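User: I have a model open and would like to talk it through with you, one piece at a time. Can we start with the contacts inside a single chain?

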Amino acid sequence: MSDYAVSLLVRIGVEAFVALSAYLLLVIGRVSFGQQAFFVIGGYAAGIATALYGAPLAVGIMVGAVAAGVAGALLSAVMAPVGGIYFAAGSLAFGELVRVALLSFHYQVPVGADLTGPAGADGFRGVRALFTGGVSATAFMLAVAGLVALTFLAIALLLRSRWGEAMRMVGEDETASASLGVRVRRVAALTMAGAGALAGLGGGLFVHYVTYIEPGHSDVMLGVHSLAYAFIGGLGTPLGPIIGVALDIGLLESFRFLAGYRMIVFGGLVMGLLVVRPRGLLDEVAVHRLSRLVAWGRR
Amino acid sequence: MLEVRDVVTSYGMIQALRGVSLTAREGEVTCILGPNGAGKTTLLYTIAGILRPRSGSISFQGRELAGTSAPDVVGRGISLVPENRLVFPHMTVRENLFAGAYVRLGRDRAGVEADLDAMFARFPILKQRAGQAAGTLSGGEQQMLAVARALMARPRLLMMDEPSLGLAPLVVEQIFQIVQGLNREGITVLLVEQNARLALSIAHHAYLLEQGRIAFHGTPSEVSANEGISRAYLGIKGG
Amino acid sequence: MVDFLQALVDGVMLGATYSLLGLGFTLIFGVLRRLNLAFGPTILVGIYAGSHVGLAWPGALWAVVAATVVAAILCGIYVERCSFRALARQAPVVSMISTFAVWMQLQELVSLFEASRTMPYPSPAWLPALTVGPILLRSDALLMWSGATAIMLALFVLLYRTRFGTAVRAVADSSEAAALMGVNVSIIGAAAFLLASTVGGLAGVLIAQSQQQVTPYFGLWATVKGLTAMLLGGAGSLPGAVAGGVILGVVETQTLWHFGGQWRDLASFALLFLVIALSPRARSEPTL
């Protein structure tokens, strides 16, 4: 497999985590423009763990996910009761706050002969655990793909469980679900923590693949893109956002011959898709039909 | 004055009205009784032009109304006081009244100003509250505002949807006196009301709407004489 | 003290344009109950059109203004057709995602015509600066403030003193009741959209002549400022959007003066975040 294909697949895998993170919040009826913040928090924390404290790669990535999950839980203390446009704007403000705060975040320690660590606007360079650990790009790509698959399975199972039912109820109508005994705040808080951890996982993988991360990676465009992915791929299944990412990054690449018109064509496709299928390619109806088809095939 | 013939209205797959016919005679109060979900609000919204009937005809003063858009229905002299009043909460009382006269605001500004004064004379409480946001009014005041707002369009037919909903008995009495007064001045009234006893006390003719169909109609005394109906809607013990 | 006053005056002048952006957002959100993320990018396209006209005919300021506003309105019509009218029956969030797709298109459109990324925008440099005691009033800031104030006054007369304005505010308050009063809700929605695009285009002129150059990031910047001004003012209130814009402007210039450039954005986002976190309204009104 060419280096180019590998890097493309890693990009799809990494963004899939941010897209799944936004998707989880959509399930509980929250539109977030701020999941990029958790991506970056995860990236910084994972990088600090491996590059500054010599943690093994897997541990570092876990640290990133946990740090972003904790950040999500902390944010939920304020944002769990907030809904609608206010949640969208609050998460946007949070994302930008994280970006601006990282611009003045300096934490460098000597590692070997050099100073390493987050250096404000210059970002955090020299996160080399992937290469010093001797992991090949292809092996890493496969690991990322495996993690995406595992995450997909875990979310699919979660959504089928009693918890998933509660999440969907909160997404439909908070007052009604509260009256039926659903602890709305707790569901929202745990979902926000989980969504943060997912985006942080993506960030940890990202920083080790490209060896650096900077405040600019907490870009609103990443957050809004990951939100759009669920609406492209379909809201009916956690596979939707993953398909959305693959279509976006895949299509963008195949549109390369259009050079300057890529975004115009892609934006037009998304607009058209939303008119025809407002809940994405794999919406609830499509998922239901597909699962019946599969059940029929098994017989 | 208003003739509804075999009107069918549906929301998506659900048929809310399955062939309703009724007549509201000029100068009378016609009331529509019926349980929740019978299609009473749907019927009023269909007449008002907010919903389109799938089939059937609605004629008003001899001219076809079905399929006419809401602005034209208001322009032709039919106003609706909606369920839960739906005043404009962030607009002042005065602005609410101006909004009620929207269809003639462009050509008859002087007439609208005169009607505003007339409304303030009829509802002194609204004059006191003229500069206040409508959302801060009490339920009864909001109901009066909703009635006054509908009158600002100078309707010949006034439709009212559950005017007693959520109001204290004394206020309800007051509202009904106003409705009766308007009727005596010549405004035809089509009234949807849960409080059947009160509605029948001012109505000339009553219809019973059940599951999207007219189940019974007659004068108030005929309705009261029907044992099944009085048991279900008037709370009178049979036998 | 003089610093504080100077920053206050600068903030009020800057804030007036934020108020305009906030009013544009409020008109669309209030009437249609949907967010138009592409609001900033539509203004961006307008400014680029104005910039090109300014390069082609130096000195033709009216042509620059007209080109800016007309281009912004055309983009606004495009957004209204594709992301609002075509999706009127869908959930509001679908419109919002669609406006994001338009955003990507407009952004690309701008970089297609403009390789250099930064565009000059003409400014009436012949205007004199004023000094009032120790306070300096820069000519571009003064123009920005007086222009924005004049536009706001005109807008408020239109919205509070005319039949059209009554209809717009009635639809924003309760579209169901407005329809019952005989207001054609969909026409009013489209008209509010056009009005917002016009206000946005004019705001674009005022901001661009003050900054004298514009980068493609202006789209994101204007959307964030407008959204913030609207939300600070309570999402949907017209006077609130004006106040929200001024507060945002003052907070920005005060932090700029006292703490330096990198804190400016931090302060405005922190303000937005705090308002949402502490506002009881945000906790009770799911509107998307």
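User: For contacts in chain C between residues at least 6 apart in sequence, what share joins residues at least 24 apart?
Analyst: In this predicted model, 74% of the contacts in chain C between residues at least 6 apart in sequence join residues that are at least 24 apart.

User: And what's the figure for chain B, for contacts with a separation of 6 or more?
Analyst: For chain B, residues 24 or more positions apart account for 66% of the contacts with a separation of 6 or more.

User: Back to chain C then, how many helices and strands does it have?
Analyst: The secondary structure of chain C comes to 11 helices and 4 strands, and buried residues make up 56% of its 288 residues.

User: Why would you say the radius of gyration of chain C agrees with a compact globule?
Analyst: A compact globule with 288 residues would have a radius of gyration near 19 Å, and chain C has 19 Å, so the two agree. Along the principal axes, the C-alpha trace of chain C spans about 55 × 45 × 35 Å.

User: What about the helices and strands of chain B, how many?
Analyst: Chain B has 11 helices and 10 strands, and of its 239 residues 45% are buried. With 239 residues, a compact globule would have a radius of gyration near 18 Å, and because chain B has 18 Å, the value agrees with that expectation. The box that the C-alpha atoms of chain B fill, taken along the principal axes, is roughly 50 × 40 × 30 Å.

User: Switching to the interfaces, which chains share the most contacts?
Analyst: There are 2 pairs of chains in contact, and of these chains A and C share the most contacts. That contact takes 36 residues from chain A and 38 residues from chain C.

User: Which elements give two or more residues to the side of chain A that touches chain C?
Analyst: Those elements are α4 (84-103), α10 (220-233) and α12 (262-276) of chain A. The most comes from α4(A), which gives 13 residues to the side of chain A that touches chain C. By class, the residues on that side of chain A divide into 27 nonpolar, 7 polar and 2 charged.

User: How many residues does the contact between chain C and chain B take from each?
Analyst: The contact takes 15 residues from chain C and 22 residues from chain B. On the side of chain C that touches chain B, the elements giving two or more residues are α6 (163-173) and α7 (175-180) of chain C, and α6(C) gives the most, with 6 residues. The same side of chain C has 7 nonpolar, 4 polar and 4 charged residues.

User: How far apart are the nearest C-alpha atoms of chain A and chain B?
Analyst: The nearest C-alpha atoms of chain A and chain B are 17 Å apart, and these two chains do not touch.

User: One residue to finish: where does Phe140(A) lie?
Analyst: Phe140(A) lies in helix α6 of chain A, which covers residues 137-160. Leaving out residues up to four places away in sequence, Phe140(A) touches Val10(A), Leu130(A), Val135(A) and Tyr209(A).

User: Does Phe140(A) count as buried or exposed, and why?
Analyst: Phe140(A) counts as buried because it has 20 C-beta neighbours inside 10 Å, and a residue is buried if 20 or more other C-beta atoms lie within that distance.

User: And how are Phe140(A) and Arg128(A) placed relative to each other?
Analyst: Phe140(A) and Arg128(A) are 12 residues apart along the chain, and their C-alpha atoms are separated by 13 Å.

Note on methods. Residues are numbered from 1 along each chain as its sequence is written. Chains are lettered from A and ligands numbered from 1 in the order in which they are written. This is a predicted model: local features need pLDDT of at least 70, side-chain atom pairs count only at pLDDT 80 or more; totals for chains, interfaces and linings use all residues. Two residues are in contact if their C-beta atoms, placed from the backbone, lie within 7 Å. Ala, Val, Leu, Ile, Met, Phe, Trp, Tyr, Cys and Pro count as nonpolar, Asp, Glu, Lys and Arg as charged, and the others, Gly among them, as polar. The radius of gyration is taken over C-alpha atoms; the globule rule is 2.2 Å times the number of residues to the power 0.38. A residue is buried if 20 or more other C-beta atoms lie within 10 Å of its own, exposed if 12 or fewer, and partly exposed in between; C-beta atoms are placed from the backbone.
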